[in-house]
Amino acid sequence: MEQRDPSVERQVWQRVFARPQTREEGDALRMLALGVMEAAEDYRRLANSLTGKPGELARRLWEGERENLACLRGMALLSDGKDTFPRQIRTPAAPPEKLLRKSFYRTRRAMTEYAARMLDGEFGEVFRKMSQREGEHCALILQLLGQLPPEEPGRPAGK
């Protein structure tokens, strides 16, 4: 007799009862994407201004946000066939420490938002992975914050 995997069975039933995405849900994905794009831009800026281990950590954060953005774009395309995300956004320049402080709290909010969507019938597993990635980003942000070189008077931050 064949053994049933409860997690597979749950996923099948979630797909069976999944409903088509509404316009409001598509708009919610796009709003999530704006936060991801802001984070990616901040991390890109950090990656370009830091060297050594801090620069490497910033690049990992940047890549993770690019992966999250690709997932959200894919969800929007699969759901309603539209990719109306902006292609690029600009964020104001700030010293690395200030960017990382802001990023930590933004990342915590994103992690919570993704975790709240884990029961979504169609994309729940993807949101679970994105939430987990954001949890890892919180640790990377703190690690990066702890590795920043001390700012010297008269020297631009991050150089």
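The legends below accompany close-up views of a predicted model of one protein chain.

**View 1. Overall fold of the protein chain, a predicted model built from five helices and zero strands.** Followed along the sequence, the elements of the protein chain give the pattern α-α-α-α-α. Of the 159 residues in the protein chain, 35% are buried. The mean pLDDT of the protein chain is 85, and 79% of the residues score at least 70. Confidence is lowest in helix H1, residues 6–16, where the mean is 61, and highest in helix H5, residues 124–147, where the mean reaches 97.

**View 2. Helix H4, which covers residues 96–116.** The 21 residues of H4 reach 30 Å from the first C-alpha to the last, close to the 30 Å expected at 1.5 Å a residue. The buried residues of this helix are Pro96, Leu99, Leu100, Ser103, Phe104, Arg106, Thr107, Ala110 and Tyr114. An α-helix has 3.6 residues a turn, so residues three or four places apart point the same way. Among the residues of H4 that are buried are the aromatic side chains of Phe104 and Tyr114, and the list also includes Arg106.

**View 3. The packing of H4 against H5.** Two packed helices are described by the angle between their axes and the distance between the axes. For H4 and H5 the angle is about 160 degrees, and the axes lie 8 Å apart. Because this angle is over 145 degrees, H4 counts as roughly antiparallel to H5. The crossing of H4 and H5 is left-handed.

**View 4. Arg128, a residue of helix H5, shown together with Ala115.** The relative accessibility of Arg128 is 33%, a value between the 20% and 50% cut-offs, and therefore Arg128 counts as partly exposed. Arg128 and Ala115 are separated by 13 residues in sequence, while their C-alpha atoms are 6.0 Å apart in space.

**View 5. Helix H3 and the way it passes H5.** Helix H3 runs over residues 52–80, and its 29 residues should span 42 Å at 1.5 Å a residue, which agrees with the 42 Å between its end C-alpha atoms. The axes of H3 and H5 come within 10 Å and cross at roughly 160 degrees. That angle makes H3 roughly antiparallel to H5, and H3 passes H5 in a left-handed crossing. After H3 comes Gly81, whose phi is positive, near 75 degrees.

**View 6. Leu50, in the loop between helix H2 (23–49) and H3.** Although Leu50 has its place in a loop, its relative accessible area is 5%, so Leu50 is buried. Leu50 and Pro149 are 99 residues apart in sequence, yet the distance between them in space is 9.4 Å, C-alpha to C-alpha.

**View 7. Cys71 and Cys138, in a structure that holds zero disulfides.** Cys71 has a relative accessible area of 26% and is therefore partly exposed. Cys138, with a relative accessible area of 7%, falls under the 20% cut-off and is therefore buried. A disulfide would need a pair of cysteine sulfur atoms within 2.5 Å, and the structure holds zero such pairs.

Note on methods
Residues numbered from 1 in each chain as written. Predicted model: local features only at pLDDT ≥ 70, side-chain atom pairs only at ≥ 80, totals over all residues. Heavy atoms only, no water. Helix = DSSP H or I, 4+ residues; strand = E, 2+ residues; numbered from the N terminus. Expected span 1.5 Å × (residues − 1). Buried < 20%, exposed > 50% of the residue type's maximum accessible area, 1.4 Å probe, protein only. pLDDT = per-residue confidence, 0-100. Axes fitted to C-alpha atoms, helices over the stretch in contact; angles between N-to-C directions. Parallel < 35°, antiparallel > 145°, perpendicular 65-115°, else oblique. Left-handed = near helix turned anticlockwise from the far one by under 90°.
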